[in-house]
Amino acid sequence: VTPGGNLGTYENSAEALGLSVGGVIITDISHDGTSVDPDGTGPGNHDDPTPVEFNENPVIGLAKAVTDITNNQDGTYDLTFEILVQNYGDVPLENIQVMDDLTSTFGAPATFDVISVSASGSLTENTDFDGDGDQNLLISASSSLVFGASENITLVVEVTPGSNLGPYLNSAVGTAEGPGGTITGDTSTNGTDPDPDGDGDPTNNDTPTPVNFTENASVSVSKELIGSIVEDPADNYTFTYEIIIENTGDVPLNEVQVVDELAIAFADAASVTVNSTTITQQPISGALILNPAFDGDSDTEILDGEGTLFPGETATIELEITVVAIAMTHPGGPYLNEAVVLGFSPGGVFVLDVDDEEIFLFENPEIVLTKTVDTIIDNRDGTFTVTFRLELESTGDVPVFELELFDDIVSQFSGLNP
């Protein structure tokens with residue numbers, strides 16, 4: 001019997017027909033039970049039909065797992081869910097539906113966009129699913145599972161987590177009907193097994209599936225003197241620094257800023273003036289904007305602090321300054337100047353890097369050499385061993401390299417056979 005949508009009650013009777021020896025026709029209609037004459041008055045007055053009722057126990061179970069998270073390096077992540085739908089009951093499942101409310105999971109400040117939905121085997125995906133207005137992953141009328149079967153739904157979502165990297169908790173809810181119309185339902189549990197405790201009942205397992213996004217935010221800066229230092233008669237020294245910044249992480253950096261405290265670096269000089277600041281190489285994704293008030297003293301921020309640098313992108317800034325340093329009044333160096341780059345990841349992680357460049361505006365190199373007799377030893381054979389001490393000191397204002405020291409002892413002691 002295939003009862004379909006009607007599980008009963010069905011009524012059934014059997015009829016017996018016979019002929020006696022004398023040719024009399026006799027009949028009887030069956031009576032429900034195992035006794036043809038339950039009250040002992042004769043079987044002919046008992047003809048209750050035999051009732052038939054069918055039972056079904058449809059059970060659906062769901063498990064949901066995160067199988068892949070891809071960092072797109074633009075602040076978004078491609079997130080792949082795998083949903084296992086399994087028939088745990090004793091009858092086929094029909095009109096299967098699985099619902100997923102992504103809006104509740106990825107609420108503000110996060111946003112999401114459904115990339116794809118696919119279903120295997122006897123399940124049919126709903127290509128209009130968007131996780132918000134349409135939360136049905138399947139076309140229920142054409143989704144079914146035979147006894148003991150399981151199929152999968154693959155859901156790929158692009159998520160922009162913003163400042164909240166997680167954890168996000170997500171569940172799918174499944175419903176289905178048995179052939180007789182009995183409804184079953186289950187809330188997914190995390191993982192790939194709808195019944196992880198093995199008690200045969202997947203409906204008592206409903207741990208949400210957690211989602212966490214990761215960032216590896218980092219930034220670098222290099223600073224160097226390019227070209228030569230130009231001096232004029234008024235003791236003005238004009239030169240250019242090149243500052244290169246790079247996003248060396250895997251997420252965009254927002255509020256990018258470069259800081260240069262020129263007044264501190266050249267505090268021992270008479271003055272320092274910013275002649276020009278130029279961005280000679282912009283990042284591909286968009287322009288960084290200079291801070292017109294930057295002077296390296298009261299305002300040390302080179303950029304407006306609103307720009308974004310994507311992973312792998314670089315920007316180059318050239319900074320031309322003039323330093324006034326008068327010989328015999330101000331040191332020629334060294335002047336150590338730092339550039340600091342900083343920014344924030346979408347998740348709010350603060351990153352920075354520092355690089356410096358040491359320069360000398362002018363030089364007053366000087367060395368002093370002294371030579372003294374340290375010891376004289378009489379060797380008792382008419383010869384003497386003389387030990388000289390030579391002391392060499394750099395008394396100028398810059399390092400001195402490639403030093404050489406000469407002492408012509410042979411010529412000076414030529415008459416003594418040294």
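1. **Glu-242.** Start in strand S16, which spans residues 236–247; Glu-242 sits there. The model is predicted. Is a partner of opposite charge at hand for Glu-242, or is the nearest one far off? The nearest side chain of opposite charge belongs to Lys-223, and it is 12 Å away. Glu-242 is buried, yet it has no salt bridge.

2. **Neighbours of Glu-242.** Which residues touch Glu-242, once those within four places in sequence are set aside? One group is Ser-222, Lys-223, Glu-224 and Ile-226. Another is Thr-316, Ile-317 and Glu-318. Lys-223 therefore appears among the contacts of Glu-242, although no salt bridge is formed by Glu-242. A salt bridge needs a side-chain nitrogen of Lys or Arg within 4 Å of a carboxyl oxygen of Asp or Glu.

3. **A three-stranded sheet.** Look next at strands S7, S11 and S12. They make an open sheet in the order S7-S11-S12, and the pairing is antiparallel. Which strands are at the edges? They are S7 (94–100) and S12 (183–187), each of which pairs on one side only. From one strand to the next, the twist averages 15°.

4. **The S11 to S12 pairing.** Strand S11 covers residues 172–177. How many bridges join S11 to S12? There are five, and the two strands run antiparallel. One residue pair to find by eye is Gly-174 and its bridge partner in S12, Asp-186.

5. **Asn-95 in an edge strand.** Asn-95 lies in strand S7. Its phi is positive, about 50°, although Asn-95 is not a glycine. Most residues other than glycine have a negative phi. Is Asn-95 buried or partly exposed? Asn-95 counts as partly exposed, because its relative accessibility is 34%, and the partly exposed class runs between 20% and 50%.

6. **Gln-73, in a loop.** Gln-73 also has a positive phi, about 60°, and is not a glycine. Where is Gln-73? It is in the loop between strand S5 (60–71) and strand S6 (77–87). With a relative accessibility of 38%, Gln-73 counts as partly exposed.

7. **Two cis peptide bonds.** Most peptide bonds are trans. The bond joining Ala-108 and Pro-109 is cis, with omega about 10°. Pro-109 lies in the loop between helix H1 (102–105) and strand S8 (111–119). The bond from Gly-166 to Pro-167 is cis as well, with omega near 5°. Pro-167 is in the loop between strand S9 (150–160) and strand S10 (168–170).

8. **Asn-216.** The loop between strand S14 (209–211) and strand S15 (219–231) holds Asn-216. Why does Asn-216 count as exposed? Its relative accessible area is 52%, and exposed means over 50%. Not counting residues up to four places away in sequence, Asn-216 touches Gly-249 and Asp-250. Asn-216 and Val-349 are 133 residues apart in sequence, but their C-alpha atoms are 9.2 Å apart in space.

9. **A buried salt bridge.** The structure holds four salt bridges. One of them joins the side chains of Lys-64 and Asp-100, at 2.2 Å from N to O. The pair links distant parts of the chain, with Lys-64 in strand S5 and Asp-100 in strand S7, 36 residues apart. Are these two residues buried or exposed? Lys-64 is buried, with a relative accessible area of 0%. Asp-100 counts as buried too, at 0% relative accessibility.

10. **Lys-371 and Asp-407.** Another salt bridge joins Lys-371 and Asp-407, whose closest N and O atoms are 2.3 Å apart. Lys-371 is in strand S23 (residues 367–378), while Asp-407 is in the loop between strand S24 (384–394) and helix H3 (409–412). The two are 36 residues apart. Lys-371 is partly exposed, with a relative accessible area of 37%. Asp-407 is partly exposed at 34% relative accessibility.

11. **Asp-374 and Arg-389.** Strand S23 also holds Asp-374, and strand S24 holds Arg-389, 15 residues apart in the chain. Their side chains meet in a salt bridge of 3.7 Å, N to O. Asp-374 counts as partly exposed at 39% relative accessibility. Arg-389 is partly exposed, with a relative accessible area of 42%.

Definitions and conventions. Residues are numbered from 1 along each chain as its sequence is written. This is a predicted model: local features need pLDDT of at least 70, side-chain atom pairs count only at pLDDT 80 or more; totals for chains, interfaces and linings use all residues. Side-chain values use heavy atoms; hydrogens and water are left out. Helices (H or I, at least four residues) and strands (E, at least two) are DSSP runs, numbered from the N terminus. Buried means under 20% relative accessible area, exposed over 50%, partly exposed in between (1.4 Å probe, protein chains only). Lys and Arg count as positive and Asp and Glu as negative; His and the chain ends are not counted. Contact means heavy atoms within 4.5 Å. Two strands pair if DSSP finds at least two bridges between them. Axes are lines fitted to C-alpha atoms, for helices over the stretch in contact, and angles run from 0 to 180 degrees between N-to-C directions.
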